[in-house]
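Q: Could you walk me through a few parts of this structure with me?

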Amino acid sequence: MFRLTEYMQQLVNPTPVRRRTDPAKVKPVIIWNLTRRCNLKCRHCYTVSADVDFPGELNQQQAMATLEDIGQYKAPALILSGGEPLDSPYLFPLAERARQLVRVLALSTNGTKIHGEMADRVADIGFDYVGISIDGIGETNDWFRGVDGAYNNALRGVRELKKRGVKVGLRFCLTEGTKHHLPDLLKLCDDEGIDKFYLSHLVYAGRGDKNRGEDAEHARTRHAMDLLIDRAWIAASENMPLDIVTGNNDADAGYLLQWVRRNFDANREAHLREHLEAWGGNSSGLGVANIDFLGDVHPDTYWSDYTVGNVKQAPFSKLWTGDDPMLATLRTRPRPLKGRCGACNLRDVCGGNTRIRALQLTGDPWAEDPACYLTNAEIGLDESERLSVTPFRGKSHDPKHQFF
């Protein structure tokens, strides 16, 4: 996750750089998909969820045992997700115990079921943050999420939680079909007093992989980032409350540096770059971990094809701190990147961006990320250079036995 507002504030009130600790000592934010069941049919769903019961999901006893291990491991943050986590039969007992065990507890939901008693129960847990997905205004959101009325119900959820004093954010996936609603969604945040806005770039996983043709063109991505950077600058310089973050395209950090170079002196650019280098960009397998609905552990939520192990057979803490070769390589700095990513002079800032897109397109997780929207000149390459991506034309592959 790229915390745009936080880094923008460094231009207004600079603070000392805090260097990232030894990778072996980093403990991840854990995103836990409690269930695959969901009442919506989103076009970009990375879990290919549906409104049915799926076999093999963790039962409550297994989930509670996993949670106790997470607490003993002292993971800094836990995000409960889905599918739709409110469809999990043990969400609330799990969340009540998690509130006692982790410092930061969040809920990632489509928001459509949050009203009345359900809103009371969510508020009573004391989540630090509830993220609600809205991908456009009105009918656009309903088309994208596959159910009529999804927009109105999600907005109702936002309002119900705000009335109860819960910190709420909107999560928006940028695609060709939704990009034109970005200004309206930023206005909605201001109008509704929403605390946080999260723009997610499309990741080629689940239905998102099938719908990769909808991935926003690079020019559109740059335009969207221009809007967010302008709004984040207003928030930082005028002390406005909206917190803006982006996810799944760490080239956003490099794009911000280009903006700073055009608008500020070299000292402030150098200061911001120090902070971004300390952050290190993409954190899959290092600062982010995923447990899916079956109990499989992955480097992040989009790496469903790569499994470190299963919490039914071994504790999460043991799996995450073991000798898995993919985790070890993801934690390497610099990573063994190829193509434009390997030659990029911003790779220490973005960490090579989102590896799963390279894997889906080429079959090689270390190839260049096709969603990097920076020009050759912006990453220190001659414009005449042609570093190409070779499309992956195979069928299914087992990355557990490749690339090492």
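The chat below takes up some strands and helices of this predicted model.

Q: Let's begin with strand E7, so why is E7 largely enclosed by the rest of the structure?
A: Strand E7 spans residues 243–247, and 4 of its 5 residues are buried, so the strand is largely enclosed by the rest of the structure.

Q: And how many bridges join E6 to E7?
A: Strand E6, residues 196–201, is joined to E7 by 5 bridges, and the two strands run parallel. One of the pairings is that of leucine 199, whose bridge partner in E7 is threonine 246.

Q: Changing topic, which residues of H16 are buried?
A: Helix H16, made up of residues 355–362, is mostly covered, with 7 of its 8 residues buried. The buried residues are Arg355, Ile356, Arg357, Ala358, Leu359, Gln360 and Thr362.

Q: What follows H16?
A: Glycine 363 follows H16, and the phi of this glycine is positive, near 85 degrees.

Q: Now the helices H2 and H3: at what angle do their axes cross?
A: The axes of H2 (residues 60–73) and H3 (residues 91–101) cross at roughly 10 degrees and come within 10 Å. Angles under 35 degrees count as roughly parallel, and therefore H2 is roughly parallel to H3.

Q: Which residues make the contact?
A: From H2 the contact is made by Gln60, Ala63, Met64, Leu67, Glu68 and Gly71, while H3 contributes Pro93, Leu94, Arg97, Ala98 and Leu101.

Q: How do the residues of that contact divide into nonpolar, polar and charged?
A: In the contact of H2 with H3, 7 residues are nonpolar, 2 are polar and 2 are charged.

Methods: Residues are numbered from 1 along each chain as its sequence is written. This is a predicted model: local features need pLDDT of at least 70, side-chain atom pairs count only at pLDDT 80 or more; totals for chains, interfaces and linings use all residues. Side-chain values use heavy atoms; hydrogens and water are left out. Buried means under 20% relative accessible area, exposed over 50%, partly exposed in between (1.4 Å probe, protein chains only). Helices (H or I, at least four residues) and strands (E, at least two) are DSSP runs, numbered from the N terminus. Two strands pair if DSSP finds at least two bridges between them. Axes are lines fitted to C-alpha atoms, for helices over the stretch in contact, and angles run from 0 to 180 degrees between N-to-C directions. Angles under 35 degrees count as roughly parallel, over 145 as roughly antiparallel, 65 to 115 as roughly perpendicular and the rest as oblique. Contact means heavy atoms within 4.5 Å. Ala, Val, Leu, Ile, Met, Phe, Trp, Tyr, Cys and Pro count as nonpolar, Asp, Glu, Lys and Arg as charged, and the others, Gly among them, as polar.
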